[in-house]
Amino acid sequence: MKIILSPHIDDGVLSMGGHILHWLGQGEEVLVLNTPTISDCTCDEPRGLFATRRRKKEERAVEKALQEQFSASLFRTEFLDFEDAPLRGDFENTNGRGYSGDGIKEERDGRMIRDMEEELAEWA
């Protein structure tokens, strides 16, 4: 099984699409694990969880299309539902278009990394 660890929804399938198609064509199983998947920012403004819902819907559409083309058992995508950086409260929105600041606070970052390690261990 090939496991793709995607830093955001759609990053894995967009950046690894050619490899995914090749592996599926060879009959290999492919799992895309999306890590930070909860986001409320899109188009330079907060919109509740609009971005999360939309991106998950798009990712599920890709999953369905690949399962129909190859085999339902060969491709799947999972959402680990960790918060995207702006939601962790570690960044300051300075201009309404992007985030800047000192970066991720060490304590929250460490906690998130430990939680991710536990979740990822289930897939190993």
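This short presentation covers the salt bridges of the structure shown above.

Good morning, colleagues. Please bear in mind that the model is predicted. As general background, side chains that carry opposite charges can pair when their charged atoms come close. In this model the count of salt bridges is four, and I shall discuss three pairs, among them Glu-28 with Lys-2.

I begin with that pair. The side chains of Glu-28 and Lys-2 form a salt bridge, with an N to O distance of 3.9 Å. It counts because the cut-off is within 4 Å. This contact links distant parts of the chain, the two residues being 26 residues apart. Lys-2 sits in strand β1 (residues 2-6), while Glu-28 lies in the loop between α2 (17-25) and β2 (30-38). As for accessibility, Glu-28 is partly exposed at 28%, and Lys-2 is partly exposed at 29%.

Next, I turn to helix α3. Which residue forms a salt bridge with Arg-60? The partner is Glu-63, and the closest N and O atoms are 2.9 Å apart. Both residues belong to helix α3 (residues 50-69), where a spacing of three residues separates them by about one helical turn. Is Glu-63 buried or exposed? Glu-63 is buried, with a relative accessible area of 10%, whereas Arg-60 is partly exposed at 35%.

Finally, Arg-76 and Glu-78 meet through their side chains in a salt bridge of 3.5 Å, N to O. Arg-76 has a relative accessibility of 29% and counts as partly exposed; Glu-78, with a relative accessible area of 25%, is also partly exposed.

Thank you for your attention.

How values were computed
Residues are numbered from 1 along each chain as its sequence is written. This is a predicted model: local features need pLDDT of at least 70, side-chain atom pairs count only at pLDDT 80 or more; totals for chains, interfaces and linings use all residues. Side-chain values use heavy atoms; hydrogens and water are left out. Helices (H or I, at least four residues) and strands (E, at least two) are DSSP runs, numbered from the N terminus. Buried means under 20% relative accessible area, exposed over 50%, partly exposed in between (1.4 Å probe, protein chains only).
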